[in-house]
Each structure stands twice: as C-alpha cells, then as structure tokens.
Amino acid sequence: MTPQNAQNLLTTLFETLMDQSVPTTKLAAFFTPDYVQIVDGKRLDLNGFLSHAAILRDTLVKTDIRFENIITGGNTIADIHFVHAQKKNGQTIMYGRPTES
C-alpha cells in the first residue's frame, strides 16, 4: 500500500467515523482484531476505539483532520494526525498541535 492509498483509506475512515447513519460497529471493518491506538498516552484496543467513536459521534458536529506523517508496510498503516473539531455545544477542541488552514 502506498502512503497516498493509506491516506485515502484513512480519510474514508474518518468520514465514516462521523457519519451518523453508519453504525459504529461497521468501523471495525477498517481494522484488524489486534488494532491498537495510542491517544494522549492512553492505549485503546479495537473495542475501546469503537466505544470512543460512539462518544465522538455524540459530541462532535465537525472535524478537520490533518495528516502529519503516514508510514506503510504491507497492509499496515501507522500515522500521526491532528484533529481540529467543533463540539455540539460550540466549543472548539484540538488534538495534537494547532494546524494552519
């Protein structure tokens, strides 16, 4: 898989993540059963990620994802991305470093 193919896949994943019409359980199709994500120093397995995804859907109305680095090897993708999002209550949040538009 090329880095561009990986970015396309990740973009589709994030679009699906925010699509309320798609059950969060369908997100599992993007991952292997042994998926691990490290967020702010916390380790999430696949079930933890799916639970986190449900919370994000209930909280956010808009997200902007910026990819800093994407590394691929075979069918494996590792990436660093930053999120700028707007909550339903109007609050703006950023994960990672601030991004320029």
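# A first look at a predicted chain

Let us start with a single residue: Thr-59 is partly exposed, with a relative accessible area of 27% (buried means under 20%, exposed over 50%, and partly exposed in between, with a 1.4 Å probe and protein chains only). Thr-59 belongs to helix H2. Setting aside the neighbours within four places in sequence, Thr-59 touches Lys-87 and Lys-88, where contact means heavy atoms within 4.5 Å.

This is a predicted model, in which local features need pLDDT of at least 70 and side-chain atom pairs count only at pLDDT 80 or more, while totals for chains, interfaces and linings use all residues. Residues are numbered from 1 along each chain as its sequence is written, and side-chain values use heavy atoms, with hydrogens and water left out.

## The whole chain

What does the secondary structure of the protein chain come to? There are two helices and five strands, and along the sequence they follow the pattern α-β-β-α-β-β-β. The protein chain has a radius of gyration of 14 Å, close to the 13 Å that the globule rule gives for 101 residues, so it is as compact as a globular protein of that length. Here the radius is taken over C-alpha atoms, and the rule is 2.2 Å times the number of residues to the power 0.38. Helices (H or I, at least four residues) and strands (E, at least two) are DSSP runs, numbered from the N terminus.

Along the principal axes, the C-alpha atoms of the protein chain fill a box of roughly 40 × 30 × 25 Å. Of the 101 residues, 24% count as buried. Among contacts with a separation of 6 or more, 44% involve residues 24 or more positions apart.

The protein chain exposes about 6800 Å², with carbon and sulfur atoms supplying 52% of it; the areas come from the Shrake-Rupley method with a 1.4 Å probe, and for residues only the protein chains shown count as cover. As for charge, there are 9 positive and 10 negative side chains, and the centres of the two sets lie 5 Å apart. Lys and Arg count as positive and Asp and Glu as negative, without His and the chain ends, and each charge is placed at NZ of Lys, CZ of Arg, CG of Asp or CD of Glu.

## Strands and hairpins

Now follow the strands (two of them pair if DSSP finds at least two bridges between them). Strand S1 (residues 36–39) pairs with strand S2 (residues 42–45) in the antiparallel sense over four bridges. Val-36 has Asp-45 in S2 as its bridge partner. The hairpin of S1 and S2 has two residues between the strands, and Asp-40 in the turn has a positive phi of about 50°.

How many bridges join strand S3 (residues 60–73) to S4? There are 12, and the two strands run antiparallel. Thr-72 is matched with Ile-77 in S4. In the hairpin of S3 and S4, two residues lie between the strands, and Gly-74 takes a positive phi near 65°.

Strand S4 (residues 76–87) is also joined to strand S5 (residues 92–95), with four bridges and an antiparallel run. Val-83 stands opposite Tyr-95 in S5, and His-84 stands opposite Met-94 in S5. In a regular strand the side chains alternate between the two faces of the sheet. Four residues separate S4 and S5 in their hairpin, where Gly-90 in the turn has a positive phi of about 95°.

## Inside and outside

Which residues are worth finding in the view? Leu-56 sits in helix H2 (residues 46–59) and is buried, with a relative accessible area of 16%. Phe-82 lies in strand S4 and is buried too, at a relative accessible area of 12%. Asn-89, by contrast, is in the loop between S4 and S5 and counts as exposed at 59% relative accessibility.

The table takes these residues, together with Thr-59, and sets sequence separation beside C-alpha to C-alpha distance.

| Residue pair | Apart in sequence | Apart in space |
|---|---|---|
| Leu-56 and Thr-16 | 40 residues | 12 Å |
| Phe-82 and Gly-41 | 41 residues | 15 Å |
| Thr-59 and Val-39 | 20 residues | 17 Å |
| Asn-89 and Phe-30 | 59 residues | 29 Å |
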